[in-house]
Amino acid sequence: GRGVGLDVVQTTVRQLNGSVALETERGQGFRTHIRLPLSQSVVRVVVADIAGQAYALPIAKIHRILDIARIPIHTLGDAQFFSLGDEHIGLISAAQLLGLGTTEPAPGTQPVILIGTGQRRYALAVDAIGAEHSLSVQSMEATFGKMRDISAVALLDDGTPVLILDVASLLVSIDKLASAGHLQRLQGARAQASAKATRGLV
């Protein structure tokens, strides 16, 4: 008809940094060539607000998301943790990990994202949890070098750029902060002093 469908295809492909080309031959019809960069992939993520900035975490790397505002927070040295079933989960400020200052959730809330496994399971404290998205991602340009704790970049549906966090790298960063004794306590957490813990926390 009026080419409306092709216009939608072209717009979508351009958003993926690809291209569309048409070849026509009288009496034979036309052929469409769509090219997409091999470096792109689609990943399902959860977007979180951290110190006023949007970051994404792959859903496949997330153990659980919950609000711990009503769960007692215990303190052991410089570390904070809470109990979830039979586990003690280390509480980590995502803002500190990313060098963004402090986390400021809405009053009466404290959303966290659980990552890692076993004794290396931690709760990343964030400001707010956003929606789930399927994002077309690209690796960071080599000119930027390796960005700590960042695996890729993508665009949200409204065109807002978002950095996708590298969970494996985050776990390494947490271990380094803990071993150096530089973990910051979460401001406003309902902390309770604890003289012992049943296992290593952070």
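Exposed, for the views below, means over 50% relative accessible area, and buried means under 20%, with partly exposed in between. The structure shown is a predicted model, and a search through the whole of it turns up four salt bridges. Three of these are taken up here.

**View 1. R148 and D149, an exposed residue paired with a buried one.** The closest N and O atoms of this salt bridge sit 2.9 Å apart. R148 has a relative accessible area of 54%, so it counts as exposed, given the cut-off of over 50%. D149, on the other hand, comes out at 0% and is therefore buried, given the cut-off of under 20%.

**View 2. R121 and E87, a salt bridge between a loop and a strand.** Here the closest N and O atoms are 3.3 Å apart. The pair ties together distant parts of the chain, 34 residues apart: R121 lies in the loop between strand 9 (111-115) and strand 10 (122-125), while E87 belongs to strand 8 (residues 87-93). R121 is buried, at 10% relative accessibility, whereas E87 is partly exposed, with a relative accessible area of 24%.

**View 3. R44 and E132, a salt bridge between two strands.** In this one the gap between the closest N and O atoms is 3.5 Å. R44 sits in strand 3 (residues 41-50) and E132 in strand 11 (residues 128-138), so to speak a link between distant parts of the chain, with their positions 88 residues apart. What about access at each end? R44 is partly exposed at 40% relative accessible area, and E132 is partly exposed too, at 47%.

Key
Residues numbered from 1 in each chain as written. Predicted model: local features only at pLDDT ≥ 70, side-chain atom pairs only at ≥ 80, totals over all residues. Heavy atoms only, no water. Salt bridge = Lys/Arg side-chain N within 4 Å of Asp/Glu carboxyl O. Helix = DSSP H or I, 4+ residues; strand = E, 2+ residues; numbered from the N terminus. Buried < 20%, exposed > 50% of the residue type's maximum accessible area, 1.4 Å probe, protein only.
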